Number of protein chains: 6
Amino acid sequence: MAAEPHPLLVEPLVRTALLEDIAHGGDLTTDAIIPGDRRARARIVARRDGVVAGLPIAATAFSLVDARVRMDVRAADGERVGAGATLAELEGPARAILTAERTALNFLGHLCGIATATRALVDAVAGTNARIVCTRKTTPGLRVLEKYAVRCGGGGNHRFGLDDAVLVKDNHIAIAGSIRAAVEAVRARVGHMVKIEVEVETLDQLRELLALPVDAVLLDNMSPTQLKEAVAEVNGRLLTEASGGIDLSTVRAVAESGVDLISVGWLTHSAPALDVALEIA
Amino acid sequence: MAAEPHPLLVEPLVRTALLEDIAHGGDLTTDAIIPGDRRARARIVARRDGVVAGLPIAATAFSLVDARVRMDVRAADGERVGAGATLAELEGPARAILTAERTALNFLGHLCGIATATRALVDAVAGTNARIVCTRKTTPGLRVLEKYAVRCGGGGNHRFGLDDAVLVKDNHIAIAGSIRAAVEAVRARVGHMVKIEVEVETLDQLRELLALPVDAVLLDNMSPTQLKEAVAEVNGRLLTEASGGIDLSTVRAVAESGVDLISVGWLTHSAPALDVALEIA
Amino acid sequence: MAAEPHPLLVEPLVRTALLEDIAHGGDLTTDAIIPGDRRARARIVARRDGVVAGLPIAATAFSLVDARVRMDVRAADGERVGAGATLAELEGPARAILTAERTALNFLGHLCGIATATRALVDAVAGTNARIVCTRKTTPGLRVLEKYAVRCGGGGNHRFGLDDAVLVKDNHIAIAGSIRAAVEAVRARVGHMVKIEVEVETLDQLRELLALPVDAVLLDNMSPTQLKEAVAEVNGRLLTEASGGIDLSTVRAVAESGVDLISVGWLTHSAPALDVALEIA
Amino acid sequence: MAAEPHPLLVEPLVRTALLEDIAHGGDLTTDAIIPGDRRARARIVARRDGVVAGLPIAATAFSLVDARVRMDVRAADGERVGAGATLAELEGPARAILTAERTALNFLGHLCGIATATRALVDAVAGTNARIVCTRKTTPGLRVLEKYAVRCGGGGNHRFGLDDAVLVKDNHIAIAGSIRAAVEAVRARVGHMVKIEVEVETLDQLRELLALPVDAVLLDNMSPTQLKEAVAEVNGRLLTEASGGIDLSTVRAVAESGVDLISVGWLTHSAPALDVALEIA
Amino acid sequence: MAAEPHPLLVEPLVRTALLEDIAHGGDLTTDAIIPGDRRARARIVARRDGVVAGLPIAATAFSLVDARVRMDVRAADGERVGAGATLAELEGPARAILTAERTALNFLGHLCGIATATRALVDAVAGTNARIVCTRKTTPGLRVLEKYAVRCGGGGNHRFGLDDAVLVKDNHIAIAGSIRAAVEAVRARVGHMVKIEVEVETLDQLRELLALPVDAVLLDNMSPTQLKEAVAEVNGRLLTEASGGIDLSTVRAVAESGVDLISVGWLTHSAPALDVALEIA
Amino acid sequence: MAAEPHPLLVEPLVRTALLEDIAHGGDLTTDAIIPGDRRARARIVARRDGVVAGLPIAATAFSLVDARVRMDVRAADGERVGAGATLAELEGPARAILTAERTALNFLGHLCGIATATRALVDAVAGTNARIVCTRKTTPGLRVLEKYAVRCGGGGNHRFGLDDAVLVKDNHIAIAGSIRAAVEAVRARVGHMVKIEVEVETLDQLRELLALPVDAVLLDNMSPTQLKEAVAEVNGRLLTEASGGIDLSTVRAVAESGVDLISVGWLTHSAPALDVALEIA
């Protein structure tokens with residue numbers, strides 16, 4: 001399974017989210033109505049079919065509000081579940097369960113939504129060579145979690161930031177003067193453990209690139225036909241990646257072009273949340 | 001216009017987002033290829049019709065990367081723009097523009113998406129009494145910005161957290177024993193500047209509530225017909241709010257029931273990003 | 001009882017306070033003299049009559065210094081205690097008890113002082129309609145704790161910040177041009193869960209206000225006679241709040257005017273600390 | 001004059017205080033009523049006689065809210081002013097002045113209160129050898145500012161934390177077994193730039209101490225007569241410090257005992273705020 | 001030249017370092033002796049031959065203490081300088097120059113030390129194929145700066161963390177059961193933009209590795225003779241890296257084995273600081 | 001033994017260091033290869049003779065990554081160990097041990113290196129009056145830990161920052177106009193618990209200083225002969241400290257001059273790390 005983001009990364013995010021709700025002291029409604037010693041049981045359920053992602057993050061929300069809340073997972077991140085499925089069971093102080101509920105669900109719904117959308121694309125390209133990957137078009141502050149959700153959905157991750165891999169785009173090439181100049185500048189300066197990908201928009205550019213020492217090529221906004229031609233041209237010398245406006249209706253045709261990777265920005269910026277809810281037992 | 005979130009709140013969010021990209025030192029590609037003294041001009045454009053929200057946040061991304069980048073806005077938050085519209089023009093060090101580009105666009109696309117979806121609902125209920133409002137179903141960490149985007153789209157804000165207003169829900173009522181017991185507990189404990197809303201699911205519950213000193217009632221998952229009946233029952237004594245699975249196809253009918261408020265969770269958790277792009281001049 | 005501020009809010013405040021004492025490494029005196037394995041018992045005692053507030057915060061100070069310190073409370077926040085009363089008993093590593101002592105007492109003395117002063121005012125208005133409430137004149141950084149201490153003393157809380165309720169003051173009215181203009185501007189822009197209060201200084205202003213949709217009126221610096229007249233004029237249509245230079249000698253007369261609320265800034269900015277001490281057994 | 005706390009220390013404190021007011025986005029009242037381009041002039045005035053402390057901190061509050069606010073000081077920290085005196089004049093965006101007002105005044109009133117109380121004690125001991133100093137009984141989080149306010153009032157600072165000087169108290173002595181054992185333990189472990197003071201309660205203890213290599217003695221809870229005897233016994237070999245329940249009515253007699261220092265905890269934990277106000281011109 | 005770490009990364013590090021010096025309020029000595037309006041000129045000089053690294057970080061120290069300090073660099077990061085060379089000239093408030101001096105020099109001396117040591121190794125392998133690179137054996141908290149200093153010295157960077165590239169070590173292989181199993185596990189899980197290196201200690205392991213899809217091999221603790229053999233075996237199919245106890249006396253022989261990379265941990269954990277000083281003009 | 005830095009100080013430093021390795025989510029290699037439920041045993045060993053410092057910091061690294069890792073120390077900070085000695089044994093989840101390994105060793109090697117170098121100097125001056133102390137020439141961000149490591153090596157600490165003791169240097173004297181003027185300025189402004197030291201370069205300056213109320217003199221860059229003369233001149237009236245370019249070959253001669261203290265900057269900025277390693281059992 002996809003490795004979870006480390007708690008050292010998760011906890012500050014959950015803490016920040018909880019403080020959006022209780023910065024003036026606490027949960028006015030719950031603190032006024034629910035006795036401090038009242039305990040409750042609850043279930044987290046999916047209201048739609050989907051793929052699970054984010055249960056450890058939801059668990060962190062409850063435990064940060066009150067370490068005595070116990071959450072037992074009934075599904076695993078990465079698992080497909082049907083509408084009505086129980087994802088986790090909770091037992092503990094009623095106040096904490098109610099106070100943390102929305103934060104836990106906000107994370108969970110968002111990440112399950114991404115995993116679910118990813119899985120749909122992954123299923124659509126089953127049997128081809130293509131892997132679905134995400135981009136840096138992520139929700140500000142949540143990149144680590146969203147990249148994890150993509151992995152839960154069966155997808156892969158493109159680079160994490162501007163600092164761990166090179167992607168030479170049109171603007172870089174324009175300023176450098178040529179693909180060659182851009183690649184040489186990069187080669188001369190970045191470390192040997194950094195992969196280099198270059199974006200091209202035409203087969204001519206692709207041919208220029210094939211003479212240069214790079215690891216991958218991003219074939220931007222090409223039709224399946226063009227992609228097939230490009231893949232043939234590359235002939236295994238580089239990883240090939242298709243991107244640009246690909247959705248569930250087009251992804252299969254793209255994949256059948258033979259590309260290695262299909263990157264999809266909307267997975268992380270526009271996938272709708274999965275409807276998840278907390279039900280007090 | 002909607003008041004912008006204060007820079008003291010915006011800057012830490014943008015800083016966090018930028019560090020997702022450059023925590024290992026900087027932008028490997030840009031730093032390797034683009035000379036440090038190279039300047040550039042660029043435009044931020046909308047690729048689809050929409051409503052603008054987040055230009056000050058985008059501007060913060062550029063200025064945090066390099067204070068010498070100048071961004072002149074060509075549209076205002078809250079304004080409707082057509083596909084192709086220029087939202088802002090940039091001039092400054094080329095490196096900074098390229099390094100900040102994605103962070104700026106990630107904020108802007110997300111917030112414009114929320115404003116655009118909000119505006120569609122607001123337009124759909126034009127001429128009725130109803131106001132479209134958002135909920136606490138927000139993206140963790142971004143609530144202040146998302147609530148602002150809703151305002152840019154012509155919507156209103158429900159409470160900001162668990163700490164600034166009371167919303168008594170079914171679970172509270174169940175534990176308290178009755179609506180009356182719950183309301184009395186709240187009345188006895190919260191300050192005089194805190195409004196109190198209670199969620200009901202039936203007209204019987206509504207009638208029980210009408211005898212109590214609260215400010216608003218949340219009519220959850222009622223049909224337009226039920227809502228009309230409820231509004232008549234309330235007869236102006238409380239603010240009435242409809243919620244539960246309302247979308248663009250159903251919102252008009254809900255509004256025509258006469259409710260004061262329609263709350264829509266998906267505005268902030270599932271509105272797709274607006275497609276915005278940066279073009280180097 | 002008053003709900004305690006959430007530990008997620010308390011811990012950073014206590015951590016900051018502890019670091020004022022040990023940022024260069026630790027407690028020079030204690031670390032040099034007391035063996036690391038030495039244990040001690042101690043009591044926290046009140047040296048004056050007062051009302052308790054802040055025991056959970058004091059407990060946090062000890063547990064952050066060393067989780068092995070056990071603190072058993074012998075009084076509850078909100079309880080009246082006499083001089084000499086034991087508030088809590090401690091057992092654990094002697095170093096931790098001595099190192100955390102001053103921080104724990106600084107919080108406790110400060111908060112008990114506020115609760116004690118609040119309780120005196122609350123007692124003085126017993127039998128009237130009036131509730132004693134605090135203001136935003138709080139010690140920077142400690143607002144959440146101080147508002148809690150006021151609740152421990154039997155008082156109520158006014159708004160928590162500039163962001164959770166509206167209070168239209170003279171300067172706002174002057175710039176808006178009129179009370180009506182100010183109220184209309186607010187009505188048009190703030191959410192439906194936000195209460196609105198307006199400050200007036202004369203009965204004429206009050207009459208102007210009574211025609212407008214607001215929730216409360218702040219009657220600033222009025223004599224008890226004027227207040228009585230104002231309360232009669234309002235006749236239950238709004239919450240009435242008196243403020244301005246009210247102290248223990250005048251609060252009863254103010255309360256007998258019939259106002260709903262009496263707000264007192266000095267509770268949080270000038271109440272003297274209660275003398276509390278730690279005694280090693 | 002007293003050196004101001006460095007802006008690197010002041011800014012985080014002011015930022016935290018401002019966020020207590022605007023964490024949900026901004027100042028609801030001001031943002032709704034005051035146009036963004038409206039400018040205003042204002043004065044900060046003292047409503048009582050006092051000693052000024054904290055103007056740079058107040059200025060930071062305004063500039064953090066909006067760097068365009070200009071604050072011209074009309075008095076200096078450490079200066080005595082009469083009721084009605086103008087401490088500073090402000091000009092800038094009206095919104096920022098109103099939003100920052102309370103935070104600025106909360107700092108200023110608190111610090112002026114400490115400076116004013118300190119000055120009263122300092123004046124009361126004029127002509128004696130004694131210096132008024134503060135303790136570690138400070139408001140959590142504000143120690144650096146409060147110690148500065150004491151200096152503004154003409155007082156001196158005792159140690160800043162547990163980490164910059166040694167103060168051996170009764171509990172340390174009890175655990176060490178004797179004053180000698182405690183002092184030897186400290187001498188063996190702390191650096192050569194650290195001063196050592198020991199608290200004694202009797203003349204016998206004082207005599208035991210005089211044979212040991214320490215820098216100062218804290219004479220706790222002694223009467224003026226006992227203090228005079230102690231000072232004679234010490235005969236200049238150590239700094240002598242009196243402490244314990246000293247107030248304006250008793251400080252002169254204490255000072256005339258000949259002690260070098262008089263430490264007063266209530267200066268920083270219980271001095272009432274000075275009444276300062278902001279008046280829009 | 002090597003791209004500087006972004007100011008968003010540098011400023012928090014410098015701020016933290018400054019606070020080690022002034023957390024109790026400021027610079028006691030300077031604030032007491034130097035008038036606030038006194039200005040000074042100063043030079044930063046190298047007292048030994050070396051390679052410069054860290055001038056922008058030093059500049060940040062001065063400007064964070066007082067934005068009015070102007071620092072004009074007289075050398076560039078990456079430049080070789082002789083003993084006595086002026087690296088920068090400063091003009092501004094004397095207090096700020098003296099208060100920031102030590103922090104600025106601590107960064108500068110440390111980073112110049114690393115650059116100088118790196119340059120010595122780089123020079124020693126001149127004319128060979130080998131590049132000198134650093135490791136993750138860095139000083140906690142300073143990795144971004146130290147990796148930059150290595151680049152200033154003409155070296156290259158290995159991976160920045162555990163999160164941007166894969167290095168399979170002996171322990172991983174032992175637990176996985178075989179090199180093949182370890183590589184397959186990695187291949188199946190990490191993104192396509194992540195390079196993979198495997199550590200081997202014998203030629204047999206190397207041969208096993210050559211059948212697998214990896215990018216680089218780390219030849220650990222091999223003699224120059226073994227390295228030469230290994231390089232021949234690899235024959236350009238992978239990047240080859242030598243590591244293990246390599247110093248200035250042995251690096252040339254290692255380089256002449258034909259390896260592509262020589263990684264040296266002590267560059268970042270044990271290079272002595274370059275002696276740099278600030279001289280008031 | 002030397003008191004350890006408080007965990008409240010250590011944990012943020014270790015957290016920061018760990019995040020240098022896993023900010024993008026985790027340890028790519030380990031997470032891909034090692035099953036989450038795999039446990040391991042390991043030993044931390046010294047590969048060279050040295051003095052131990054930093055085991056609690058190393059333990060913090062493991063426990064922050066996973067609280068289930070158990071580390072049993074087999075040596076104590078401050079203890080001399082021979083090459084091959086086991087410093088600690090670890091048992092717990094294999095992933096956590098591998099992920100935390102480098103951070104733990106980076107701290108440990110650095111601090112042991114400082115302790116080892118300190119101990120060498122301390123041993124070299126055995127039998128003399130001199131104590132070896134460190135300076136403010138520390139690695140930015142690590143001062144508290146490095147000062148502790150010096151204590152582990154048997155050395156003492158000079159002042160911790162610019163805020164806990166006074167050291168009047170040549171630049172201060174130059175601006176003040178004379179040693180007397182500088183000392184008087186300091187005396188008038190700093191608290192009574194602050195020690196004052198003055199740097200002199202000649203015997204004439206020393207004589208000028210001896211008439212003034214200071215605690216220590218820093219004899220900068222004097223030969224052993226000059227130091228002996230200076231010590232005679234001082235004749236016990238002040239603490240005497242030698243500094244300036246002192247190393248293992250010269251320290252004994254310096255100590256035999258009779259000075260009380262020998263301060264050595266390179267202990268904290270240039271001591272090479274001790275070679276420590278983690279071996280999986």
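1. A good place to start is the contact between the first pair of chains: across the interface of chain A and chain B, 32 residue pairs are in polar contact, with both residues of each pair at pLDDT 80 or more. On the side of chain A that touches chain B, at least two residues each come from helix 1 (7-22), helix 2 (28-33), helix 4 (94-124), helix 5 (143-152), strand 7 (166-168), helix 6 (170-176) and helix 7 (179-189) of chain A. Please keep in mind that this is a predicted model.

2. On the extent of that interface, chain A brings 58 residues to the contact and chain B brings 58 residues. Between them, about 4,800 Å² of area is buried, and carbon and sulfur atoms give 61% of it.

3. Charged pairs appear here too, with a count of four salt bridges between chain A and chain B. In one salt bridge, the side chain of Arg143(A) meets that of Asp21(B), at 2.6 Å from N to O.

4. How are chains A and B related in space? A turn of 180° with a shift of 0.0 Å along the axis lays chain A on chain B, with an RMSD of 0.0 Å. That is the relation of a two-fold axis. The copies meet through the same surface, because 100% of the interface residues of chain A are also interface residues in chain B.

5. Arg136(B) deserves a look in your viewer. This residue sits in the loop between strand 6 (131-133) and helix 5 (143-152) of chain B. Is Arg136(B) buried or exposed? Its relative accessible area is 9%, so Arg136(B) falls under the 20% limit and counts as buried. Its side chain makes a polar contact of 2.7 Å with the side chain of Asp21(A). Beyond neighbours within four places in sequence, Arg136(B) touches Asp21(A), Arg102(A) and Asn106(A) from chain A, along with Arg143(B), Arg159(B), Phe160(B), Gly161(B) and Leu162(B) from chain B.

6. Val51(B) is another residue to check. It belongs to strand 2 (residues 50-51) of chain B, and with a relative accessible area of 3% Val51(B) is buried. Setting aside neighbours within four places in sequence, the contacts of Val51(B) are Gly78(B), Glu79(B), Arg80(B), Cys112(B), Ala115(B), Thr116(B), Arg119(B), Cys152(B) and Gly153(B). As for Arg252(B), 201 residues separate it from Val51(B) in sequence, and the C-alpha to C-alpha distance between the two is 20 Å.

7. Now for strand 5 (residues 86-93) of chain A: six of its eight residues are buried, so the strand is largely enclosed by the rest of the structure. Which strands pair with strand 5 of chain A? Strand 1 (residues 39-46) of chain A runs antiparallel to it and is joined by seven bridges, with Val45(A) standing opposite Thr86(A). Strand 3 (residues 70-73) of chain A also pairs with strand 5 in the antiparallel sense, over four bridges; here Val73(A) has Ala88(A) as its bridge partner.

8. Finally, chain F offers a parallel pairing: strand 8 (residues 196-200) and strand 9 of chain F are joined by four bridges. Glu197(F) has Ala216(F) in strand 9 as its bridge partner. Strand 9 (residues 216-220) of chain F is mostly covered, with five of its five residues buried. Both of its faces are covered, with Ala216(F), Leu218(F) and Asp220(F) buried on one side and Val217(F) and Leu219(F) buried on the other.

Key
Residues are numbered from 1 along each chain as its sequence is written. Chains are lettered from A and ligands numbered from 1 in the order in which they are written. This is a predicted model: local features need pLDDT of at least 70, side-chain atom pairs count only at pLDDT 80 or more; totals for chains, interfaces and linings use all residues. Side-chain values use heavy atoms; hydrogens and water are left out. Copies are superposed by least squares on the C-alpha atoms of residues with pLDDT of at least 70 in both. Contact means heavy atoms within 4.5 Å. Buried means under 20% relative accessible area, exposed over 50%, partly exposed in between (1.4 Å probe, protein chains only). Two strands pair if DSSP finds at least two bridges between them. Buried area is the accessible area (1.4 Å probe) that two parts lose on being put together, summed over both. A polar contact is a pair of N or O atoms within 3.5 Å; within protein, one must be able to donate a hydrogen and the other to accept it, and residues adjacent in sequence count only if both atoms are side-chain atoms.
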